[in-house]
Amino acid sequence: MSDTKRVKEIDVLSLLKKVASRKKEMIIFVSVFFVIGVIVALEQQKRYTSYVVLAPEATSMGMSQNLSDIAGAIGMDIGGGKSSVDAIYPDIYPDVFASTDFVVKLFDIPVKVKGQKKTYYNHILQDTKIPFWDYPKLWLIKMFGKKDTIPSTNVVNPYCLTKIQSEVCEAIVGSIGCQINKGTNVITLSVTDTDARVAACMADSVKTRLQNYITLYRTKKARQDLAYSQQINAEAKAAYEKSRQKYASFADANSEVVLMSYQSKLEDLENDMQLKFNNYSQTAQQVQKAQAKIQENTPAFTVIQNATVPLKSSSMPRTLMVIIFVFVGVIADALWVLVLSQAFGKKK
């Protein structure tokens, strides 16, 4: 057993010596990959990431829903399971960020880059550096591809985006991160950008847009009920005022009449006015209840950490990138010396 280990060690050492003996080829490979690494590192833009930490209001999609599912599986009903299910819960927030409807609304957010004000959409288009290795592809697309006739955000149709708008959407989706702690439901939002201030601005904007999105969803039914209650209340108020005016006009016109028919008509008008007033009062109470329901359904988000301007870049350091390319050059040299050169020699 020890002899086989020694043989393997000797083989490895001999291979390393063989690679090291051909110093000229190693210098060529390392130099070439070093130059490539420097070029690639210089072409890459520094990127900065800003974070926001939120603690959303607890929903019933947690332990209670799991208990309801377990109870249902064994034929028991503990109640309250279906009525309290929330369709938008923290686990699907990343899907919300990836939706076109959500991303398109970020286009017009104003940002400031190097003292110049512009929209986030124009910032993505104008301030993103295109690496040189993409130039041939862009040239081919420009020569043979279809031209995009709508380069601005003046007209944005989420159901029919232009090619440029679709690419900007993909870039924005790739820059937004959302991590959820399964144990505590704490949400960490992140936005990465080539400008540190823009990253912080967009992280705060994404937080606000998410809060508004969830609030609108949670209160949608209550807002519909409020609009219906306000409509019914307005109709009841108009009917009551019309009945009151009719009663007052009849009473003023017949103030000195003592006939029973007059008294009977006056009582009918008064009863009708009272019924309409009662209806108006009830609908006014329904409006108040609907308004309270909106407040009750409005979720509360606790901001644990607000967005701040990052001081250090989150992208890979350029020095490390060059070192990785040099290491790849050493591996490529070893493959050439040990495998490829021998294969070419046999062919010759």
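Which residue in β6 is the bridge partner of A55? It's T302, and that pair is a handy way into this predicted model. The bridge belongs to a set of 3 that join β1 to strand β6 (residues 302-305), with the two strands running antiparallel.

Now look at what β1 does with β5. Strand β1 pairs with β5 (residues 187-193), again in the antiparallel sense, this time over 7 bridges. Two spots to click on: T49 has T192 in β5 as its bridge partner, while L54 stands opposite I187.

Step back and you get an open sheet of 4 strands, ordered β4-β5-β1-β6 and paired antiparallel. The edges are β4 (176-180) and β6, each of which pairs on one side only. Going from one strand to the next, the twist averages 25 degrees.

How enclosed is β1 (residues 48-55)? With "buried" taken as under 20% relative accessible area, 6 of its 8 residues qualify, so the strand is largely enclosed by the rest of the structure.

On to the helices. Helix α8 (residues 163-175) lies across β4 and β5, and runs at about 35 degrees to β4.

Then there's α10, covering residues 220-253. At 1.5 Å a residue, its 34 residues should span 50 Å, and the end C-alpha atoms are indeed 50 Å apart, so expectation and model agree. Its buried residues include A222, L226, S229, N233, A236, Y240, S243, Y247 and A251. Why does that kind of spacing make sense? An α-helix has 3.6 residues a turn, so residues three or four places apart point the same way.

How values were computed: Residues numbered from 1 in each chain as written. Predicted model: local features only at pLDDT ≥ 70, side-chain atom pairs only at ≥ 80, totals over all residues. Heavy atoms only, no water. Expected span 1.5 Å × (residues − 1). Buried < 20%, exposed > 50% of the residue type's maximum accessible area, 1.4 Å probe, protein only. Pairing = 2+ DSSP bridges. Axes fitted to C-alpha atoms, helices over the stretch in contact; angles between N-to-C directions. Contact = heavy atoms within 4.5 Å.
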